[in-house]
Amino acid sequence: MSFGRPPSINAGFKVTPPDRGSFPLDHYAECKEQMTIYMNCLRENSSTSSACRDLSKQYLDCRMQKGLMEKDEWRNLGLANVDKPGGATESKTTLGVGKNNG
Amino acid sequence: MSLRFARPFAQTARLASYRYANFSSSLLCRSNFHNAFTSTRVRRMATETPKGTTAASGATRSVPSQQFRTREEMYRAKNRTLLMYTSAVIIVAVGVTYAAVPLYRMFCAATGFAGTPNVGTGRFDPERLVPVENVKRIKVHFNADRSDQLPWSFKPQQKTISVLPGETSLAFYTAKNKSDKDIIGIATYNVTPDRIAPYFSKVECFCFEEQKLLAGEEVDMPLLFFIDKDVLEDPSCRNVDSVVLSYTFFRARRNKQGMLEPDAEESVVQNSLGFGGYENAPKVEEREEKR
């Protein structure tokens, strides 16, 4: 019965849950700093996601370290070929110099 | 080495009586002891026989039908072969019937034949999470709503993000509990336009599960999502370049089964899920209440 039907009808009515479920809440704002850095980068790069992928990797890494996210390989999250910025670049981005890694 | 015993073996069979020949020939195949026992006798016989007979025995050895002394022997050997072949075929057939069930299941799962659902990590394979380069970017707009019974402030931290298909992107929402009580909220989401909904996948988010905020607490809620690269192959999504992702937060209440659900009218919840324009059948619980 599902043969020959366009795929969008079938899957569109199904509310698919997220693959890894829900992020635990960051009650103590442990990763807020990484989030602020990421948001600043987004603002500077006209909200293009490719430019700030390394900072998103840093944020998720922070979550994993603090136990707010299940640890997993980067390739399962689609961030395998993104280099994490080093510790030194953190200060650079807070000064407002955006990191362009497109 | 076998040839050494082959000559006396043939001579033993010929020199003895029929019954003894049948008995010994069948036994000689199986028991080493008997072989050793007769070998001493036949070695003596081997020394006595002239060379002519040995040559003849060698000649007769090459014709297989002459191996069997009686027709019964031949039939017995043939029957044994037939039995072996038949039992082998039966065992193979039974094995195939046992193996057919998992094989069919594997075939269905691989091809999706007869409506087998694509479950598992098919959608979130690491190979699918690679950005597609040099294609038009899709702009994702973020929208946040909340129910009136929920004294929270719920806002997206960024208005838009431009993403490539297949690229996992991180987005943030902020929620603040403005009341003086701990409140559990539950969020639903919805993506417009409808035709992009099957391709919009979330790796991890904060929806459909209870989120408890303490009084006066403010938290950042991240969301990791991507637009599946199959959207490039869908002709109906060809001119989609902006997508609206809308989250709605409700207060949570426990239903009769003890599970948390949004504390709002069913129509309001369905509206937040994007099914506002559709006629919904009443839930099982409501139908049973009416009866």
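When I say contact in this talk, I mean heavy atoms within 4.5 Å of each other. With that meaning in place, the contact between the two chains takes 44 residues from chain B and 37 residues from chain A.

Before going further, please keep in mind that this is a predicted model, in which local features need pLDDT of at least 70 and side-chain atom pairs count only at pLDDT 80 or more, while totals for chains, interfaces and linings use all residues. Residues are numbered from 1 along each chain as its sequence is written, chains are lettered from A and ligands numbered from 1 in the order in which they are written, and side-chain values use heavy atoms, with hydrogens and water left out.

Let me start with confidence, where pLDDT is the predictor's confidence in each residue, from 0 to 100. Chain A averages 73, with 67% of its residues scoring at least 70, and chain B averages 78, with 73% of its residues scoring at least 70. For the complex, the predictor gives an ipTM of 0.72 and a pTM of 0.60.

The helices and strands I name are DSSP runs, numbered from the N terminus, where a helix is H or I over at least four residues and a strand is E over at least two. Among the elements of chain A, helix α2 (residues 32-44) has the highest mean pLDDT, 90, and helix α4 (residues 87-94) the lowest, 40. Over residues 87-102 of chain A the pLDDT is below 50, although this stretch has 21 contacts in the model beyond near neighbours in sequence. In chain B, pLDDT stays under 50 over residues 52-60, and there the model has seven contacts beyond four places in sequence.

Now to the interface itself. Buried area is the accessible area, taken with a 1.4 Å probe, that two parts lose on being put together, summed over both. Chain B and chain A bury about 3,800 Å² between them, and 57% of it is on carbon and sulfur atoms. On the chain B side, L170(B), E204(B) and D220(B) lose the most area to chain A, together 16% of what that side buries.

One of these residues, D220(B), also meets K32(A) in a salt bridge between side chains, at 3.8 Å from N to O. A salt bridge here is a side-chain nitrogen of Lys or Arg within 4 Å of a carboxyl oxygen of Asp or Glu. Two are counted between chain B and chain A, and the structure holds six over all chains.

Which element gives the largest share of the side of chain B that touches chain A? That is β8(B), with six residues.

Within chain A, D72(A) forms a salt bridge with R20(A), the closest N and O atoms being 2.3 Å apart. This pair links distant parts of the chain, 52 residues apart, with D72(A) in the loop between α3 (53-65) and α4, and R20(A) in the loop between α1 (7-13) and α2.

Two backbone details deserve a look. Most residues other than glycine have a negative phi, and most peptide bonds are trans. S46(A), in the loop between α2 and α3 of chain A, has a positive phi of about 50° although it is not a glycine. The peptide bond from T192(B) to P193(B) is cis, with omega near 0°, and P193(B) lies in the loop between β5 (183-192) and β6 of chain B.

Finally, the records. UniProt positions are given in the numbering used here, feature names are shortened, and annotations may be inferred rather than shown by experiment. An unreviewed UniProt entry places "domain: CHCH" at residues 31-65 of chain A, and that span is 74% helix and 0% strand in the model, with its end C-alpha atoms 10 Å apart. For chain B, the annotation "transmembrane region", also from an unreviewed UniProt entry, covers residues 82-101; the span is 100% helix and 0% strand, and its end C-alpha atoms lie 30 Å apart.
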